[in-house]
Amino acid sequence: MRPARNPIHIVSVWVQRQPPKVKAFLAVVLGIVALMVLRFIVHDHDNLFVGAEAVHSIGILVLIFKLTKERTCAGISLKSQELTAIFLAVRLYCSFVMEYDIHTLLDLATLATTLWVIYMIRFKLKSSYMEDKDNFALYFVIAPCAVLALLIHPSTSHYFVNRVFWAFCVYLEAVSVLPQLRVMQNTKIVEPFTAHYVFALGIARFLSCAHWVLQVLDSRGHLLVALGHGLWPSMVLISEIVQTFILADFCYYYVKRLALVFYLVISTNNFSSMLNFLS
């Protein structure tokens, strides 16, 4: 009797064998399907942005749990945390002077926890920080984002400096995870809690991207007009899409691994695999 074949493994092997163009097409189709599902089950699409902030906060809480439980920051990129703190601080400033709402409170909470993570890495757990692996040069992302913000920013009635800051935090958020991905690439091994954190970032980025895309669809393009004229409206959408695709590959392998673990748990009634995956 032939042993039952793992359907998840069969699908994943088939996907891996496909050329890059087919993989990209499958990713786009899956993203469109996910957007359609969200459009029908989430009636107020502003909740998607709130959800993105909430998931990001959950990711930070996972890092806090790792730092307090294991007393190590191995595998965590300090530079990604610093970039996150920068764009959150700038976005908070923009929120206070331009549009104070629930998003401001969520950003404030996320910034506070991010600063705590930075403090722990820099001072309390410095001995376990992989500084040699966290070698992504910050000026490679900060400088281009600043220049791009000066060139392409909202054309609203706010002060010029505030409009440039707004654009800067949008662009910086899109690439803030790059140092973390570089650390994971350099170490070759992804620690579980770090993997959960990066996956949470991927979900948060997708929800934020879905929020903007669905808002544009619901307003039949009027939202783009409200954001101003020129290239800025398009750059907002492009930034959201870029940060989603940056994490898409990692999220694919994370979900694949999670699905395989679930399959093993169901087929063998052995929950140790799930516990090992989570911790």
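Helix α4 is mostly covered, with 15 of its 21 residues buried. That makes a good place to start with this predicted model, in which the protein has twelve helices and zero strands. Of its 279 residues, 46% count as buried. Here is a short tour, from the whole chain down to single residues.

**The overall picture**

- Reading along the sequence, you meet the pattern α-α-α-α-α-α-α-α-α-α-α-α.
- How many of the contacts between residues at least 6 apart in sequence join residues at least 24 apart? The share in this protein is 77%.

**Helix α4 and how it begins**

- Helix α4 covers residues 78–98, and its first and last C-alpha atoms lie 30 Å apart, close to the 30 Å expected at 1.5 Å a residue.
- The N-terminal end of α4 is capped by S77, which places a side-chain oxygen 3.4 Å from the backbone nitrogen of K79.
- K79 itself lies in α4, and beyond its neighbours up to four places away in sequence, K79 touches D134, N135, F136, A137, L138 and P179.
- One of those partners, A137, is 58 residues from K79 along the chain, yet their C-alpha atoms are separated by 8.6 Å.
- T84 is another residue of α4, and this one is buried, at a relative accessible area of 4%.
- Leaving out residues up to four places away in sequence, T84 touches H56, T114 and S176.

**Just before α4: an unusual backbone angle**

- The loop between α3 (46–70) and α4 holds R71.
- Which sign does the phi of R71 have? It is positive, at about 55 degrees, although R71 is not a glycine.
- For context, most residues other than glycine have a negative phi.
- R71 is partly exposed, because its relative accessible area is 47%.

**Where α4 meets α8**

- The axes of α4 and helix α8 (residues 178–187) come within 7 Å and cross at roughly 170 degrees.
- The two helices, α4 and α8, are therefore roughly antiparallel to each other, since angles over 145 degrees count that way.
- On the α4 side the contact is made by K79, S80 and L83, and on the α8 side by L178, P179 and Q180.
- Sorted by class, this contact between α4 and α8 has three nonpolar, two polar and one charged residues.

**Helix α7**

- Helix α7 (residues 160–175) has 16 residues, so it should span 22 Å at 1.5 Å a residue; its end C-alpha atoms are 23 Å apart, which agrees.
- Like α4, which is mostly covered, α7 is mostly covered, with 13 of its 16 residues buried.

**From α8 into α9**

- E191 sits in the loop between α8 and α9.
- Is E191 buried or exposed? E191 counts as buried, because its relative accessibility is 17% and the cut-off for buried is under 20%.
- The E191 side chain reaches the backbone nitrogen of F193 at 3.0 Å.
- Aside from residues up to four places away in sequence, E191 touches K66 and E70.

**Two buried residues of α9**

- V198 has its place in helix α9 (residues 192–218), and V198 is buried, with a relative accessible area of 0%.
- What does V198 contact beyond its neighbours within four places in sequence? The list is Q180, L181, M184, L247 and F250.
- V198 and V177 are 21 residues apart along the chain, and their C-alpha atoms are separated by 8.3 Å.
- A204 is also found in α9, and at 4% relative accessibility A204 counts as buried.
- The C-alpha atoms of A204 and A52 are separated by 4.1 Å, although these residues are 152 apart along the chain.
- A52 is also among the residues that A204 touches, together with V55 and H56, when those up to four places away in sequence are not counted.
- H56 links two parts of this tour: H56 is touched by A204 and by T84.

Notes. Residues are numbered from 1 along each chain as its sequence is written. This is a predicted model: local features need pLDDT of at least 70, side-chain atom pairs count only at pLDDT 80 or more; totals for chains, interfaces and linings use all residues. Side-chain values use heavy atoms; hydrogens and water are left out. Helices (H or I, at least four residues) and strands (E, at least two) are DSSP runs, numbered from the N terminus. The expected span of a helix is 1.5 Å times one less than its number of residues. Buried means under 20% relative accessible area, exposed over 50%, partly exposed in between (1.4 Å probe, protein chains only). A polar contact is a pair of N or O atoms within 3.5 Å; within protein, one must be able to donate a hydrogen and the other to accept it, and residues adjacent in sequence count only if both atoms are side-chain atoms. Axes are lines fitted to C-alpha atoms, for helices over the stretch in contact, and angles run from 0 to 180 degrees between N-to-C directions. Angles under 35 degrees count as roughly parallel, over 145 as roughly antiparallel, 65 to 115 as roughly perpendicular and the rest as oblique. Contact means heavy atoms within 4.5 Å. Ala, Val, Leu, Ile, Met, Phe, Trp, Tyr, Cys and Pro count as nonpolar, Asp, Glu, Lys and Arg as charged, and the others, Gly among them, as polar.
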